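Thank you all for coming; I would like to walk you through a structure that is probably new to most of you. Please have a look at the sequence and the model before I begin.

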Amino acid sequence: MTGTTDPARMRTNRAALTHKIRYAVRRPDRWVPHLRRLGRDWKLRLTTRDHVAYYRAVMKADAAKSPSRAVGSATPERWLALGQMQFDYLVRHGLTPDDRMLEIGCGNLRAGWRFIDHLDTGHYHGIDISPEILIAAGDTLAERGLQEKLPHLGLVRDLRLASLPAGHFTVVHAHSVFSHCPLAVIDECLSHIARVMAPGAFFDFTFNRTEGKQHHVLREDFYYRTDTLVELARSHGLTARLMEDWEQLPHKQSKIRVTTA
Ligand SMILES: C[S@@+](CC[C@H](N)C(=O)[O-])C[C@H]1O[C@@H](n2cnc3c(N)ncnc32)[C@H](O)[C@@H]1O
């Protein structure tokens, strides 16, 4: 199965009432979880000041149940497989131990532990907005016995990357992060990313791709057109392209690679 190339799927507007009704008829088992999410959405809209605070609260609630589920893996097997897929892809694209990696939205190190294992000591830097998921990341590190690799794990409240050194990272990676972000957050990241990238570095991120109307579902899942993100990158002097070889993999999101001029 290739997750991203189905044209019907790419035109679906999950925020449209007709889609919601059809989905509800097809999947009555999803009514209760959806109503719970709807209730949480109303509560968080009233109690959080911006999207980062909103999504941090979502992660807090989800990570309390299961950190692996909070990053999108329903089973331990899927957690391992999704990390392996990200890792294998970057190794195929030339990731070597002397690379210096920044992982944005590192979660509980689903792929991160493999990167840390592969990279030289101190060459991995993960950031996330969720304290709870970073605690779970520490647990993953300990379980995998990777303490000696001295990875950095940092809590952030925005993607201005202000505390990171200029020109340092050779690979920047954000898997399944922008799929949870409004355009303003992606814009903020793209406007600051070039500063921390070394000459010749690249920044890979995945996104929920639509070829129809851009939309979001309950402020948790955002769907963008490829040209929107390519143009946004261009507006910050970056070059962006869709990674066609990622489309062949069994994953529902697409991937864009950004490079500096
Ligand atoms: C679906 S999980 C994916 C985690 C990891 N990249 C992986 O593949 O396992 C999304 C992660 O991104 C983090 N996140 C969401 N919005 C973020 C933002 N604006 N800045 C940094 N991290 C963010 C969440 O807290 C969560 O840990």
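I will start with the chain as a whole, then turn to the ligand, to one annotated span, to a few strands, and finally to a single serine.

Please keep in mind throughout that this is a predicted model. The secondary structure of the chain amounts to 11 helices and 9 strands, and along the principal axes its C-alpha trace spans about 50 × 40 × 40 Å. For 261 residues, a compact globule would be expected to have a radius of gyration near 18 Å, and because the chain has 18 Å, the value agrees with that expectation. Of those 261 residues, 35% count as buried, and if we take contacts between residues at least 6 apart in sequence, 69% of them join residues at least 24 apart.

Now to the ligand, and to the question of which residues come nearest to it. There are 23 residues around the ligand, and among these G105, G107, R110, S130 and H175 come nearest. Sorted by class, the shell consists of 14 nonpolar, 7 polar and 2 charged residues, while helix α4, covering residues 51–65, gives the most to the shell, with 3 residues.

UniProt, in an unreviewed entry, places the feature "domain: Methyltransferase type" at residues 102–203. In the model, the C-alpha atoms at the two ends of that span lie 9 Å apart, and the span is 33% helix and 25% strand.

Let me move on to strand β7, residues 221–224, which pairs with two other strands. With strand β5, residues 197–209, strand β7 runs parallel and is joined by 2 bridges, and in this pairing N208 stands opposite Y223. With strand β6, residues 215–217, strand β7 runs antiparallel and is joined by 3 bridges, and here the bridge partner of H215 is Y223. Strands β6 and β7 form a hairpin with 3 residues between the strands, in which L218 takes a positive phi near 50 degrees.

Finally, there is S235, which belongs to helix α10, residues 226–235. Is S235 buried or exposed? S235 has 11 C-beta neighbours inside 10 Å, and since a residue with 12 or fewer is counted as exposed, S235 counts as exposed. To give a sense of distance, the C-alpha atoms of S235 and G145 are separated by 42 Å, with the two residues 90 apart along the chain.

Technical notes. Residues are numbered from 1 along each chain as its sequence is written. This is a predicted model: local features need pLDDT of at least 70, side-chain atom pairs count only at pLDDT 80 or more; totals for chains, interfaces and linings use all residues. Helices (H or I, at least four residues) and strands (E, at least two) are DSSP runs, numbered from the N terminus. A residue is buried if 20 or more other C-beta atoms lie within 10 Å of its own, exposed if 12 or fewer, and partly exposed in between; C-beta atoms are placed from the backbone. A residue is near a molecule or strand if its C-beta atom, placed from the backbone, lies within 6 Å of it. Ala, Val, Leu, Ile, Met, Phe, Trp, Tyr, Cys and Pro count as nonpolar, Asp, Glu, Lys and Arg as charged, and the others, Gly among them, as polar. UniProt positions are given in the numbering used here, feature names are shortened, and annotations may be inferred rather than shown by experiment. Two strands pair if DSSP finds at least two bridges between them. The radius of gyration is taken over C-alpha atoms; the globule rule is 2.2 Å times the number of residues to the power 0.38. Two residues are in contact if their C-beta atoms, placed from the backbone, lie within 7 Å.
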